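Here's a quick tour of one protein chain, starting from its pocket and working outwards. Have the sequence and the model open as you read.

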Amino acid sequence: MAHQHPKRWAGLPVFIVILALVAVVGSLAAVNAGGEYLSLERPAWAPPQWLFGPAWTVLYIMIALSGWLAWSARGLTPALGVYAVQLVLNAAWTPLFFGAGRYGLAFAEIVVLWLAIVLNIVMFRRISRPAAWLLVPYLLWVTYAAALNFAIWQLN
C-alpha cells in the first residue's frame, strides 16, 4: 500500500487542472455574464451576482477532490467516465445560457447535467463514500441553478 501513496497524491494536481479547465471554459463563455444576468428578469429568490464566483470556486474544489478520491481508490473506472461526462455538461451550460442566450436549451441541458451528477454520486458511493458526499453540494447547487434557469427562461 505504501507504494501507491505517492501515485495517489500525484493525481490530485491533475484533477485540479481538469476542473480549472472546466471553469475557464465557463468563464470564457461568460465574459459579459454579470451584466447579462443583471439585465434579465429574475425571480425574487435569485441570488446576487457576486455569489456565483465564490460558490463555484468552492464547488469546483469539492468536485476535483471527489474525482481524485474515486480515482485514488480504484483507478480509472466507468464511474470516472460518468464524472467526465458531467464535467463536459457542466462546461457546456454557460455557453448555452450566456453565450447563446438559449435559456430553454440550457434548461434541457442542465436537467441532463443533474441526472449525470445523480448517477455519478450513485457510482462514486460504491467506490468512496467521501467522493460521493463531496458531490452532494454540487447537486444541490445545480438543482437551484436549474430552477433559476427555468424561471429566467419563463420570465424572458
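## The pocket

In this predicted model, 27 residues line the largest pocket, and F52, W56, W93, T94 and F98 are the ones that lie nearest its centre. The space inside comes to about 620 Å³.

What sort of residues make up the lining, by class? Nonpolar ones account for 19 and polar ones for eight, with no charged residues in the lining of the largest pocket. Plenty of helices chip in, too: helix 1 (4–29), helix 2 (33–39), helix 3 (52–74), helix 4, helix 5 (103–125) and helix 7 (136–155) each give at least two residues to that lining.

## Helix 4 up close

Helix 4 runs over residues 78–99, so to speak a 22-residue piece. From first C-alpha to last, helix 4 reaches 31 Å, close to the 32 Å expected at 1.5 Å a residue. Just past the end of helix 4 sits G101, with a positive phi of about 65°.

## The whole chain

Zooming out, the protein chain has seven helices and zero strands, which reads along the sequence as α-α-α-α-α-α-α. Its C-alpha trace spans about 55 × 25 × 25 Å along the principal axes. The radius of gyration is 16 Å, which agrees with the value near 15 Å that a compact globule of 156 residues would have.

As for packing, 44% of the 156 residues count as buried. Among contacts in the protein chain with a separation of 6 or more, 78% join residues 24 or more positions apart.

Notes. Residues are numbered from 1 along each chain as its sequence is written. This is a predicted model: local features need pLDDT of at least 70, side-chain atom pairs count only at pLDDT 80 or more; totals for chains, interfaces and linings use all residues. Side-chain values use heavy atoms; hydrogens and water are left out. Helices (H or I, at least four residues) and strands (E, at least two) are DSSP runs, numbered from the N terminus. The expected span of a helix is 1.5 Å times one less than its number of residues. On a 1 Å grid over the protein atoms alone, a cavity is a set of points where a 1.4 Å probe fits but cannot get out, and a pocket is an open set with protein on both sides within 12 Å along at least five of seven lines; lining residues have an atom within 4 Å of a point. Grid points are joined across faces, edges and corners, and a volume is the space filled by probe spheres set on the points. Ala, Val, Leu, Ile, Met, Phe, Trp, Tyr, Cys and Pro count as nonpolar, Asp, Glu, Lys and Arg as charged, and the others, Gly among them, as polar. The radius of gyration is taken over C-alpha atoms; the globule rule is 2.2 Å times the number of residues to the power 0.38. Buried means under 20% relative accessible area, exposed over 50%, partly exposed in between (1.4 Å probe, protein chains only). Contact means heavy atoms within 4.5 Å.
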